[in-house]
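Trainee: I am new to this structure. Can you walk me through the model?

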Amino acid sequence: MPHYIGVIIDEKRMEKIKGTPLEKEIKDMFGGALKMIVVPVPEEKSKEILKAFDKARIDSRGYIEDVPVAFRRAVFEEMVKAKSLNVIDKVLQRLPEIQEAAKKEDEYIPPPEVE
């Protein structure tokens, strides 16, 4: 059974995916107050994610939650590069880098990047 990762889309992220096939994947949440793209994760890849991050869990909806900010950021970055939702393999290749950034989050959660 596949699981899912929800990636919240703000205005800055919306600019990066505008005009790509990803734009069609956007779903409204809370009456349109938030926008999200749902990334499917095969079960065997879900296990890798849960093993890599001890706080990660699968909620009752089948969504992988409590992953580090760095992990969600990497998912979005790979989505933008690929213009596709099939990015979990690429993200998992970056696990050492993501885990290193996640260690820093235990001490300090970084604010969103604003340009």
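Trainee: Leaving aside neighbours within four places in sequence, which residues is Ile5 in contact with?
Mentor: Keep in mind that this is a predicted model. Ile5 is among the residues with the most contacts inside the largest nonpolar core. Leaving aside its neighbours within four places in sequence, its contacts are Ile37, Val38, Val39, Val41, Ile49, Tyr63, Ile64, Phe71, Arg72, Val75 and Ile88.

Trainee: Which element supplies the largest share of the largest nonpolar core?
Mentor: That core has 29 residues. Elements that each supply at least two of them include β1, β3, α2 and α5. The largest share is six residues, and it comes from α3.

Trainee: What is the order of the strands in the open sheet?
Mentor: Three strands form this sheet, with antiparallel pairing. β1 and β2 each pair on one side only, as edge strands. β2 and β3 pair over four bridges. The order is β1-β3-β2.

Trainee: Which residue in β3 is the bridge partner of Met29?
Mentor: β2 covers 26-29, and β3 covers 34-41. The bridge partner of Met29 in β3 is Leu34.

Trainee: At about what angle does the direction of α3 lie to that of β1?
Mentor: Take α2 as a start: it lies across β1 and β3, at about 110° to β3. α3 packs on the sheet too, touching β1 and β3. The direction of α3 makes an angle with that of β1 of about 80°.

Trainee: Is the pair of Tyr4 and Tyr63 stacked, edge-to-face or tilted?
Mentor: A search of the whole structure finds two aromatic pairs. In this one the ring centres of Tyr4 and Tyr63 are 5.7 Å apart. Planes under 30 degrees apart count as stacked, and over 60 as edge-to-face. The planes of Tyr4 and Tyr63 are at 45°, so the pair is tilted.

Trainee: Is Tyr4 buried, exposed or partly exposed?
Mentor: Buried means under 20% relative accessible area, and exposed means over 50%. Tyr63 is at 13%, so Tyr63 counts as buried. Tyr4 is at 28%, so Tyr4 counts as partly exposed.

Trainee: How do the rings of Phe53 and Phe71 pair?
Mentor: Phe53 sits in the loop between α2 and β4, and Phe71 in helix α3, 18 residues apart. Phe53 is buried at 6% relative accessibility, and Phe71 is buried at 0%. Their ring centres are 5.6 Å apart and their planes at 65°, so the pair is edge-to-face.

Trainee: Over the ring of which residue does the charged end of Arg13 sit?
Mentor: Arg61 lies over the face of Tyr63, at 4.1 Å from the ring centre. The charged end of Arg13 sits 4.5 Å from the centre of another ring, that of Phe76.

Technical notes:
Residues numbered from 1 in each chain as written. Predicted model: local features only at pLDDT ≥ 70, side-chain atom pairs only at ≥ 80, totals over all residues. Heavy atoms only, no water. Core = buried A, V, L, I, M, F, W, Y, C linked by side-chain atoms within 4.5 Å. Buried < 20%, exposed > 50% of the residue type's maximum accessible area, 1.4 Å probe, protein only. Helix = DSSP H or I, 4+ residues; strand = E, 2+ residues; numbered from the N terminus. Contact = heavy atoms within 4.5 Å. Phe/Tyr/Trp six-rings, centres within 6.5 Å; stacked < 30°, edge-to-face > 60°. Lys NZ or Arg CZ within 6 Å of the ring centre and 35° of its normal. Pairing = 2+ DSSP bridges. Axes fitted to C-alpha atoms, helices over the stretch in contact; angles between N-to-C directions.
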